[in-house]
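Trainee: Please take one part of this model and look at it closely with me. I would like short steps, and the terms explained as we go.

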Amino acid sequence: MHPGSLVAAVARALHPVLPAAAGLTEDEVAASLAAPPDPTLGDFAFPCFKLAKALRKGPPQIAAEIAAGLADPAGLFSRAVATGPYVNLTLDIGRAAALVLPRLAAGEPARRPATGVRVMVEFSQPNTHKAFHVGHMRNLCLGDSLVRLLRAAGDDVVAANYLGDVGAHIAKCLWWYLDRLHDRTPPADRRGEWLGELYAAASNQLDTWEDQAQAGDVAAAAELQQAKARTSEILHRLEAREPEIMAVWQETREWSLEEFAEIYNWCDVGFDRVFFESEVDEPGLKLVAEFLDKGVFVVSNGAVGVVNDEVKHMPFFMLRKQDGTSLYSTKDLALARLKFEEYRIDRSIYVVDVRQSDHFRHVFLTLKKMGFYQAERCQHVPYEMVELPDGPMAGRKGNVVLFRSLRQQMTSHLRKTWFQQFEGQWPPEEIDAAERTVALGAIKYGMLNRDVNQKIVFDLAAWLNLDGNTGPYLQYTGARAGSILRECGEVGKALDPALLASEAAVQAVTASLQEPQERELLLALDRLPQTLFAAAEQLRPSIVCTYAFELCRTFNRFYNADNCRVKPSEGPLLQARLLLVHAFVHALRETLAVLGISVPRRM
C-alpha cells in the first residue's frame with residue numbers, strides 16, 4: 001500500500017471510527033476496501049461481515065453505526081452511507097485530488113524504498129549458432145519486465161543472461177559449416193542468423209536420414225552413422241579445447257554474439273552480467289566430483305546423480321553421464337554457485353519455459369542438499385510457448401518467424417498503414433524512431449499481456465491495431481494526452497507550477513472537478529502504485545498490462561466527453577483538468593516503462 005494513496009488515506013480516516021473490539025489494523029482496513037459495483041454508490045465500500053462475530057451484531061447494524069460516526073462531511077469524505085452490510089464512502093473530490101494528482105503530475109515515481117535484497121533475474125538465454133526468433137521474445141520481454149518491476153519495488157536487481165555457447169547443437173552447426181558448404185563466406189549483415197540456417201539445415205538432414213533409415217534405406221543409414229560420428233568427433237574436440245576447432249568456434253560464436261547485442265540494443269534490454277555455458281562446463285564436472293566425495297551425490301549404473309524423492313515420477317537427477325561428460329544439470333549447479341559467490345545474491349529467479357519445470361525443481365532441491373541457503377529463495381518463472389495462428393512454430397515446417405523478419409514486417413506495416421501520411425511533415429528521423437517505438441511496444445505488450453500460464457498466438461496485424469487491447473493503442477492514447485498539453489500551451493493555457501507545491505492550492509482548484517469521468521480517472525490514477533507492487537510481488541507483468549489498458553480506456557472516456565474538454569476550460573477548472581492530464585501522462589509513462597515500452601511524442 002502506497003502511503004500517499006487514497007486507499008491508505010481512507011483507511012486512516014476510517015480506522016478511528018471502528019470499535020476497538022473489531023481488532024483491525026489500518027492495513028487490514030485498507031485490504032478490506034473495494035470499489036462498489038455501481039459507481040453512484042460511492043468510491044469505496046467497507047464490508048462489515050468480519051466484524052459481526054467480534055462485535056456480536058449484525059453486519060447491517062455495524063455498517064449503520066460506522067456510517068453515523070463518519071456523518072460529518074468535513075474532511076476526506078463528502079458522504080458515508082450504510083447500504084446493507086457495507087459502508088459506502090464518497091470522497092471529497094478536492095481533498096482526494098490534492099492527495100493524488102500533484103505527485104503524479106510532478107513525475108514522482110511510485111517506487112518503494114530500498115529493501116536491501118539483492119535479486120538476480122536470469123533471462124533470454126539464447127543459444128549461439130542458432131537464429132533468434134519470435135519465440136525468444138517472450139522470454140526476453142518477460143525477464144526484462146521483471147527486472148524493471150523488482151527495481152521499482154526497491155530490490156537491488158542484477159539482470160543476467162546465460163548463453164548456450166557449447167553443446168551438441170554447435171557440433172551440428174560446425175559439421176555443416178566445415179563439411180557441407182562449398183562457400184563458407186557468411187553474409188555481411190546477418191551472420192548470426194545465417195549460422196541458424198546452417199544449424200537448421202544440419203538438423204533437418206539428420207532427421208531426414210533418420211526417417212529414411214527407419215524405413216529401411218541402407219544408404220541413408222550409412223550417411224546418418226557417418227554424420228553422427230563426425231558431430232561426435234567435433235563435440236569431443238571442442239570439449240578438449242583443441243586449438244584448430246576452437247578457432248572456428250570462437251569466430252562463429254562472435255557472429256552470434258554480435259547479432260544478439262544488436263537485437264538487445266534495438267529492444268532496449270540490457271544485462272549486468274552475461275554468463276556462458278563454456279565458463280561453467282569444466283567447473284560443473286569438478287563440482288560433481290566434489291559433492292560425490294562428500295556423499296551428497298551417488299553413482300547409479302555408472303552415472304552420477306542425486307535422488308530427489310520429492311519428484312516422484314523421476315526421482316534420479318543425473319549430473320554426469322556414464323562417459324564422464326556433463327549435462328545441462330551439471331552446468332546449472334555450477335552456474336548457481338557462481339551466482340551465489342560472485343554476487344552474494346539473496347534471491348535467484350530463472351525465466352525459462354514451462355517444459356523445464358521438473359528440471360528446475362530438481363536443481364533447487366539439489367542446491368538445498370548441497371548446503372546453499374539461497375536454494376530456498378530460488379524460483380522458476382515458467383511460461384507457455386508462442387504459436388502462430390495456424391499452430392506451433394517448427395523449423396522443419398519452415399514457419400519460424402525470425403527476429404529480423406519480425407522487425408522488418410512490423411516497421412514496414414506501420415509505415416504503410418500509419419506513418420506514411422506524415423512524410424514531408426515530420427523529420428525523417430522522427431518517423432523512423434516512432435516506427436521502432438511503436439513496433440517494439442506492439443511486440444512487448446503482445447508478449448506480456450497474457451499471463452505466463454497461457455499460450456501466446458502471434459498475430460502481427462492484430463498486435464499493431466490502434467483500436468484494440470494493444471501496445472500501439474496505449475501509446476496512441478499517451479501521445480494524444482501529450483498533444484492536449486502542447487495545444488493548450490500554444491494558446492497560453494499552461495499548468496501553474498505553484499499547484500505542484502501547495503496542497504491547499506490544489507484543493508481549491510480540484511474542487512471544480514464535478515464530472516463522473518473526472519472522478520473515474522482520478523480513482524484509476526490512484527491505483528498505479530498498488531498495481532506495480534502487486535505485479536512485482538506475484539512476478540506477473542500481465543497485471544500491469546490490464547491496468548494500463550483500463551487506465552487508457554478511462555482516459556479516453558474523459559477525453560471524448562463533451563463536458564470534459566480541457567482547452568476551452570477557464571480558471572480553476574482549466575488548472576484542475578490540466579493537472580489531471582499531466583498526472584495521466586506521467587502515470588501512463590511510468591506504467592509502460594516497467595513493461596519496457598515508451599510513448600512517442602506524437603502519433
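Mentor: We start with the whole chain, turn to one pocket, and then follow some strands and two serines.

This is a predicted model, so local features need pLDDT of at least 70 and side-chain atom pairs count only at pLDDT 80 or more, while totals for chains, interfaces and linings use all residues. Residues are numbered from 1 along each chain as its sequence is written, and side-chain values use heavy atoms, with hydrogens and water left out.

The protein chain has 22 helices and 14 strands. Both are DSSP runs numbered from the N terminus: helices are H or I with at least four residues, strands are E with at least two. The C-alpha trace spans about 90 × 70 × 45 Å along its principal axes. Of the 603 residues, 53% count as buried. Buried means under 20% relative accessible area, exposed over 50%, and partly exposed in between, with a 1.4 Å probe and protein chains only.

Now the second largest pocket. A pocket is found on a 1 Å grid over the protein atoms alone: it is an open set of points with protein on both sides within 12 Å along at least five of seven lines, and lining residues have an atom within 4 Å of a point. This one holds about 560 Å³ of space. That volume is the space filled by probe spheres set on the points, which are joined across faces, edges and corners.

Its lining has 26 residues, and Ala 35, Pro 39, Gly 42, Asp 43 and Leu 523 lie nearest the centre. Helix H19 (516–526) and helix H21 (542–560) are the elements that give two or more residues to it. H19 gives the most, with six residues. By class, the lining has twelve nonpolar, five polar and nine charged residues. Ala, Val, Leu, Ile, Met, Phe, Trp, Tyr, Cys and Pro count as nonpolar; Asp, Glu, Lys and Arg as charged; the others, Gly among them, as polar.

Next, an open sheet. Its three strands have the order S1-S3-S2, with antiparallel pairing. Two strands pair if DSSP finds at least two bridges between them. Strand S1 (44–47) and strand S2 (77–83) stand at the edges with a single partner strand each, so one side of each is left without a neighbour in the sheet. S2 is joined to strand S3 (residues 86–91) by six bridges. Phe 77 stands opposite Leu 91 in S3.

Strand S8 (residues 303–307) is largely enclosed by the rest of the structure, because four of its five residues are buried. Three bridges join strand S7 (residues 298–300) to S8, antiparallel. Val 299 stands opposite Val 304 there. Two residues lie between the strands of this hairpin, and Asn 301 takes a positive phi near 55°. S8 also runs antiparallel to strand S9 (residues 316–320), with four bridges. Gly 305 stands opposite Met 318 in S9.

Last, the serines. Ser 5 sits in the segment before helix H1 (6–14). It counts as buried because its relative accessibility is 1%. Ser 5 touches Arg 103 and Asp 526, leaving out residues up to four places away in sequence. Contact means heavy atoms within 4.5 Å. Ser 502 lies in the loop between helix H17 (471–490) and helix H18 (503–510). At 28% relative accessibility, Ser 502 is partly exposed. Ser 502 and Pro 102 are 400 residues apart in sequence and 8.7 Å apart in space, C-alpha to C-alpha.

Note on methods: On a 1 Å grid over the protein atoms alone, a cavity is a set of points where a 1.4 Å probe fits but cannot get out, and a pocket is an open set with protein on both sides within 12 Å along at least five of seven lines; lining residues have an atom within 4 Å of a point.
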